[in-house]
Amino acid sequence: MLIDYTVRPLFGIPLHWTTKITEADEPYFFADEQLRGPYAFWRHEHYFKKVSEGVEMNDIIKWRVPLGLLGDLVNMLIVEKKVRAIFDFRKEKLRSLFAKELKGDFKKL
């Protein structure tokens, strides 16, 4: 499955982003990877586990920004905070909808 987005990661500048579901083990896991977009590399793994309270969901997000050392600086100052904010918002939205504890792990390559 391909998913097309328009994102505005920095300064409101629109960028086209295409991700592809590259792996799936329904209903336990799926991963999407960027085919085209703002990152040099992006992989988002979604894990689901049945627990007594419902379903536990865990995310692992791995990314690398372009532009070498300059990109690393931009990542440290801006990008990582934005990625965390996006997933914090997602976690809170899901929590409000499903009232379950959600976990995640963020890793920059």
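**Exercise 1. Burial and surface.** State what share of the 109 residues in the protein chain is buried.

*Solution.* Buried residues make up 26% of the 109 residues. The model is a predicted one. Next, take the surface. The accessible surface of the protein chain comes to about 7500 Å². Carbon and sulfur atoms hold 61% of that area.

**Exercise 2. Fold pattern.** Write the order of helix and strands along the protein chain.

*Solution.* Start with the inventory: one helix and six strands. Then read along the sequence. The order is β-β-β-β-β-α-β. Now turn to contacts. Among those with a separation of 6 or more, 30% link residues 24 or more positions apart.

**Exercise 3. A peptide bond.** Determine whether the bond joining E26 and P27 is cis or trans, and place P27 in the chain.

*Solution.* Check omega first. It is about 0 degrees for E26 and P27, and the bond is cis. Set this against the general trend: most peptide bonds are trans. Then locate the proline. P27 sits in the loop between β2 (15-25) and β3 (29-36).

**Exercise 4. A backbone angle.** Find the sign of phi at L67, then say where L67 lies and whether it is buried or exposed.

*Solution.* Begin with the angle. Phi at L67 is positive, about 80 degrees, and L67 is not a glycine. As a rule, most residues other than glycine have a negative phi. Next, the position. L67 belongs to the loop between β5 (54-64) and α1 (68-98). Last, the exposure. The relative accessible area of L67 is 64%. The cut-off for exposed is over 50%, so L67 counts as exposed.

Key
Residues are numbered from 1 along each chain as its sequence is written. This is a predicted model: local features need pLDDT of at least 70, side-chain atom pairs count only at pLDDT 80 or more; totals for chains, interfaces and linings use all residues. Side-chain values use heavy atoms; hydrogens and water are left out. Helices (H or I, at least four residues) and strands (E, at least two) are DSSP runs, numbered from the N terminus. Buried means under 20% relative accessible area, exposed over 50%, partly exposed in between (1.4 Å probe, protein chains only). Contact means heavy atoms within 4.5 Å. Accessible areas come from the Shrake-Rupley method with a 1.4 Å probe; for residues, only the protein chains shown count as cover.
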